[in-house]
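Grab a coffee and open the structure viewer. Here are a few short exercises, each with a worked solution.

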Amino acid sequence: MDIQKIRSEFPILERRLYNKPLIYLDNTATSQTPDSVVKAVVDGYTTTKANVHRGVHTLSQEATDLQESARRRVREWINAGSESEIIFTRGTTEALNLVASSFGGMMLREGDELILTVMEHHANIVPWQLLRDRIGFTIKVVPIDGRGVLDMDAYRGMFTERTRLVSFAHASNVLGTVNPVREMIAIAHSHGVPAVVDGAQAAPHMRIDVRDLDADFYAFSAHKMYGPTGVGVLYGKEKWLEKMPPYQGGGEMIESVSFEKTTYAELPYKFEAGTPDFIGISALSKAIDFIERLGIDNIAAHEHQLLDYTTRRMMDEIPGMRIFGQAPGKCAIISFLVGDIHHYDMGMLLDKLGIEVRTGHHCAQPLMHAIGVEGVVRASFAAYNTIEESDAFIAALKRVTAILQS
Ligand code: PMP
């Protein structure tokens, strides 16, 4: 990959902060957006803005075509069987809330069991807890070992005749662990239990094939994969989506409405109440084009090179360095602490050197508890990061560490 050429597609990377070049290492939270995606948003607002699905007029039809061709693009990209299985949401969070509320509400009864893992993002914990508080089922949690690898024996042993659902992250947003989701899904299916996958951290870094995984549901966010904010995808198997009740009511999701009885639209519209972010949705297809132009395997190889190089230098050259998450094959996320330096202090000083990293609990408080810390500093890489940026990050870490330890 020609990194300099790729970088030239991201104008934000030319910014300077505190008179230093911006070094953006907060890609796990959100990635930056290439010109082609920004242009699709601008084009949407300047040439084709009209509400989708409701109009006979030309603009509305063009806007609808753009949205529906994005749905086809997403379907191909994740190898779903049909466009009916692609539901556009506001993001992973809304997708998981939809599954918990609609599918969970249909599957779980008092006394039943749901399996999650300890490394889940709050988006894959709290929606289930909201449901649990209404219904009264039990949530079981798969633990991890010291490297951040899931305890698969514990997972296997958790299934009982009361297990109705499992839900887990494809990749952890803190540890970088890539879970063996295909195997986990197969185990769940061998017990007749459907599986929900939070793919927010996997979609930007690896090839997703929902049919090969045999996932029942798979959720991800556009903004983490070079796409626009406010758009996400929920893939769901048609056999489930057909049976599930709508999540939200309103326009677009109905077939007919009377005060006596309402019937619902066909899939996927049954789950898309209200005006969607149709401009963002059409820009998502440009983000997929961007990823495919680079090649997801090339992106992953580049990110792994940065991960290995940076991890080694951090461990070798910074005394007191602790890295959380050493799973083999992890994705390019480095969560760390140095000595007893507070993560906020580290993050604030790195920012003054132009380096954007994230600090805190990363919406994974149960995981923080399990690894025995209150928060960590997290650096994470994307296709446009360079070895030179990694060198600058290491130099900055040394400087900041010296200041905070003096
Ligand atoms: N799950 C994981 C693993 C994540 O990393 C995130 C975002 N940090 C989410 C869910 C939620 O994504 P969003 O905020 O885009 O809805």
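**Exercise 1.** Work out whether Thr-28 is buried or exposed, and find what it touches.

*Solution.* Start with the accessibility: Thr-28 comes out at 3%, so it counts as buried (buried is under 20% relative accessible area, exposed over 50%, partly exposed in between, with a 1.4 Å probe and protein chains only). Next, place Thr-28 in the chain: it sits in the loop between β3 (23-24) and α2 (35-47). Helices (H or I, at least four residues) and strands (E, at least two) are DSSP runs, numbered from the N terminus. Finally, list the contacts (heavy atoms within 4.5 Å): leaving out residues up to four places away in sequence, Thr-28 touches Asn-173, Gln-201, Lys-224, Ile-333, Arg-378 and Ser-380.

A word on the model: it is predicted, so local features need pLDDT of at least 70 and side-chain atom pairs pLDDT 80 or more, while totals for chains, interfaces and linings use all residues. Residues are numbered from 1 along each chain as its sequence is written, and side-chain values use heavy atoms, with hydrogens and water left out.

**Exercise 2.** Find which residues surround the ligand.

*Solution.* Look for residues with a heavy atom within 4 Å of the ligand. Among them are Asn-173, Gln-201 and Lys-224, each of which also touches Thr-28. Then check the polar contacts (pairs of N or O atoms within 3.5 Å). The side chain of Thr-93 has an N or O atom 2.5 Å from a ligand oxygen, and a polar side-chain atom of His-223 is 2.7 Å from a ligand oxygen. For His-121, the side-chain N or O atom is 3.2 Å from a ligand nitrogen. Last, the cover: the protein hides 85% of the 400 Å² of accessible area that the ligand has on its own (Shrake-Rupley method, 1.4 Å probe).

**Exercise 3.** Explain why β13 and β16 each have one side without a neighbour in the sheet.

*Solution.* First get the strand order: β13-β14-β17-β16, an open sheet with antiparallel pairing (strands pair if DSSP finds at least two bridges between them). β13 (321-324) and β16 (358-360) are at the edges with a single partner strand each, so one side of each has no neighbour. For β16, three bridges lead to β17 (residues 376-380), and Gly-360 stands opposite Val-376. Now add the helix: α14 (residues 387-405) packs on the sheet, touching β13, β14 and β17, and its direction makes about 25° with that of β14 (axes are lines fitted to C-alpha atoms, for helices over the stretch in contact; angles run from 0 to 180 degrees between N-to-C directions).

Key: Polar contact = N/O pair within 3.5 Å; in protein donor to acceptor, adjacent residues only side chain to side chain.
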